[in-house]
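Me: I would like to go through this model step by step, with each answer reasoned out before the value or name is given. Please start once the sequence and structure are shown.

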Amino acid sequence: MSLPGRTVETPAAPPDARTHLLNGGSVARYRATLADGVDRVAKRVADADRPFTGVTPAELAPRITGVDLDRPLGDAGAALDELEEVYLRDAVWFHHPRYLAHLNCPVVIPALLGEAVLTAVNSSLDTWDQSAGATLVERRLIDWTAARIGLGPAADGVFTSGGSQSNLQALLLAREEACRDATGPEDRRELLPRLRIITSAAGHFSVQKSAKLLGLAPDAVLTVPTDAQRRMIPAAVRRQIERCRREGLVVMAVVATAGTTDFGSIDPLRDIATLCASAGVWLHVDAAYGCGLLVSPTRRHLLDGIERADSVTVDYHKSFFQPVSSSAVLVRDRRTLRHATYHADYLNPARMVEQRIPNQVDKSLQTTRRFDALKLWLTLRVMGPDGVGALFDEVIERAAGAWELISEDPRFEVVTRSPLSTVVFRYLPTGPNRHHADGANLHAREALAASGAALVASTTVDGRHFLKFTLLNPDTTLDDVGHVLELVARYAGRYVRERTTADLACRVS
Ligand SMILES: Cc1ncc(COP(=O)(O)O)c(C=O)c1O
């Protein structure tokens, strides 16, 4: 701010600040700096002998809070040395074959090349005048994905930050379609609390979050039961739709899941699509996990019926071996995307639509947005869809092998056989020690993570604690799985023995 009668001079930037800007004069520094960063990561990747060091938040926090952010180190080499301490040394390595926990895939190198290119060019996908060709590349990939799904000639979509955002956007469109006839604010106020979403008990929690963000009633999400294979029961969906009708409630969407987070189960898409079509209800298919089947050379049929959805979520960063973030929401009828459209004079004035200027912000919940599509583009151009699909097929086969291994082992109980790549199981102590099962499985997971030798996830099934393998790494062998099972059995068994001894001591005293 300049004060009357005083000239305020802008302080000069520190002498070398400008040399850090990427421009024609700094490309040598750019090359060397990135090469150094890549070298460090490559060394860590090559040397990782376990997926995690087991570091605790209490151990790591002082190293990070101890960094004085107001006193720069001045050069990237020193910052990378520091980064080894605060991040790289103790990072969780998804490429390690004994990382078996969540839906994190190892990443393919063409996608990493895309990541390096897209961040340096730094296109923003909101408007054509900030992206040019990037917009067309994204559009082409959306068309390609929609064609793989079979959504038809009017389909469209947009890349998003992840499955949660894709689900949110799909449900926003569904809500607006359900409110189409509510012309005035009064009608809308009256209708909103009556809107309902039906999903299964195994659906993703982002459906509940989305309902909250969309201003629906606290009880707007109706979860219907699943069958023994953890698939949504269509008859239960029909009953809910009928009940809602009777009670004056409006089902704005059914969310079917193609690849549930825990069980990898795929809801009966054809039956649910038929139900939704006859009831006139929007069908959203959350294929965040199962979308890898779109490129599977052998298992595409598992998604049959998905082509009848009104909207679909796909997470390339789960089953296309892409780095985070890489996701998209697709719609059967491109006109529905208008519900996410706002025109700002300074950015995407309405006249640009008539001028046929492609502004992706017209379809997106985000404004400034990464060119994540480039990673998928380079992946497809280098490996092709069959290459990606073959990797996904491999992890599905490995999970089937893991399921057999566990089901033949009397120390364990295994839940449903997934058509995808998860295995939910638990260590099950025998006889009177059975009541220690929950504690034993919780302990085994924690002890395993603390050792860093392997990472597995945990979940509950019918109120009991179970462990979960999510296999997304084709490098994971059945020997790895067997080794991790031995570790689980060792930790869980030790826990049970200690508890039994403590129980005995209690009884004696
Ligand atoms: C079935 C399903 N849907 C949606 C999501 C959310 O995806 P994201 O973590 O990319 O937001 C997940 C995440 O695990 C998922 O498994």
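Me: Which helix supplies the largest share of the shell around the ligand?
Reply: In this predicted model, 13 residues surround the ligand, and the closest are Gly163, Ser164, Thr261, Asp286 and His317. Two helices, α6 (163-178) and α11 (316-319), each supply at least two residues of that shell. The largest share, 3 residues, comes from α6.

Me: How many residues of the shell around the ligand are nonpolar, polar and charged?
Reply: The shell is made up of 13 residues, with Gly163 and Asp286 among the closest. Since glycine is counted as polar and aspartate as charged in this classification, the two fall into separate classes. By class, the shell has 2 nonpolar, 8 polar and 3 charged residues.

Me: What share of the exposed area of the ligand does the protein bury?
Reply: Polar contacts are made with the backbone as well as with side chains: an oxygen atom of the ligand is 2.8 Å from a polar backbone atom of Gly163, while a polar side-chain atom of Asp315 lies 2.9 Å from an oxygen atom of the ligand. In the side chain of His317, an N or O atom is 2.9 Å from an oxygen atom of the ligand. Taken alone, the ligand exposes 390 Å², and the share of this that the protein buries is 83%.

Me: What is the geometry of the aromatic pair formed by Tyr316 and Phe320, edge-to-face or stacked?
Reply: A pair of aromatic rings is described by the distance of the centres and the angle of the planes. The structure holds 6 aromatic pairs, and in the one formed by Tyr316 and Phe320 the rings are 5.1 Å apart, centre to centre, with 85° between the planes. Because planes over 60 degrees apart count as edge-to-face, the pair of Tyr316 and Phe320 is edge-to-face.

Me: Are Tyr316 and Phe320 buried or exposed?
Reply: A residue counts as buried when its relative accessible area is under 20%. Tyr316 has a relative accessible area of 0%, and Phe320 has one of 1%. Both values therefore fall under the cut-off, and Tyr316 and Phe320 are buried.

Me: How many residues apart are Phe412 and Tyr427, which form another aromatic pair?
Reply: The rings of Phe412 and Tyr427 form an edge-to-face pair, 6.0 Å centre to centre with 75° between the planes. This pair links distant parts of the chain, with Phe412 in strand β9 (residues 412-414) and Tyr427 in strand β10 (residues 422-427), and the separation is 15 residues.

Me: Which residues do ring pairs link into a cluster?
Reply: Phe412 is buried, with a relative accessible area of 7%, and Tyr427, at 13% relative accessibility, counts as buried too. Ring pairs link these two residues with two further phenylalanines, and the cluster consists of Phe412, Phe425, Tyr427 and Phe469.

Me: Which residue offers a backbone oxygen to the side chain of Arg398?
Reply: Arg398 is found in helix α13 (residues 373-407), and because its relative accessibility of 18% is under the 20% cut-off, Arg398 counts as buried. Leaving aside residues up to four places away in sequence, Arg398 touches Leu471, Pro474, Thr476, Thr477 and Leu478. The backbone oxygen that lies 3.2 Å from a polar atom of the side chain of Arg398 is that of Pro474.

Me: How far apart in space are Arg40 and Leu83, C-alpha to C-alpha?
Reply: Arg40 is found in helix α1 (residues 27-47) and, at 16% relative accessibility, counts as buried. Beyond the residues up to four places away in sequence, Arg40 touches Gly77, Leu80, Asp81, Glu84 and Leu88. Arg40 and Leu83 are 43 residues apart in sequence, and their C-alpha to C-alpha distance is 10.0 Å.

Me: Is Asp462, which has a positive phi, buried or exposed?
Reply: Asp462 is found in the loop between β11 (455-461) and β12 (464-470), and its phi is positive, about 50°, although it is not a glycine. Because its relative accessibility of 68% is over the 50% cut-off, Asp462 counts as exposed.

Key. Residues are numbered from 1 along each chain as its sequence is written. This is a predicted model: local features need pLDDT of at least 70, side-chain atom pairs count only at pLDDT 80 or more; totals for chains, interfaces and linings use all residues. Side-chain values use heavy atoms; hydrogens and water are left out. Helices (H or I, at least four residues) and strands (E, at least two) are DSSP runs, numbered from the N terminus. Buried means under 20% relative accessible area, exposed over 50%, partly exposed in between (1.4 Å probe, protein chains only). A polar contact is a pair of N or O atoms within 3.5 Å; within protein, one must be able to donate a hydrogen and the other to accept it, and residues adjacent in sequence count only if both atoms are side-chain atoms. Contact means heavy atoms within 4.5 Å. A residue is near a molecule or strand if one of its heavy atoms lies within 4 Å of it. Accessible areas come from the Shrake-Rupley method with a 1.4 Å probe; for residues, only the protein chains shown count as cover. Rings of Phe, Tyr and Trp (its six-membered ring) pair if their centres lie within 6.5 Å; planes under 30 degrees apart count as stacked, over 60 as edge-to-face and the rest as tilted.
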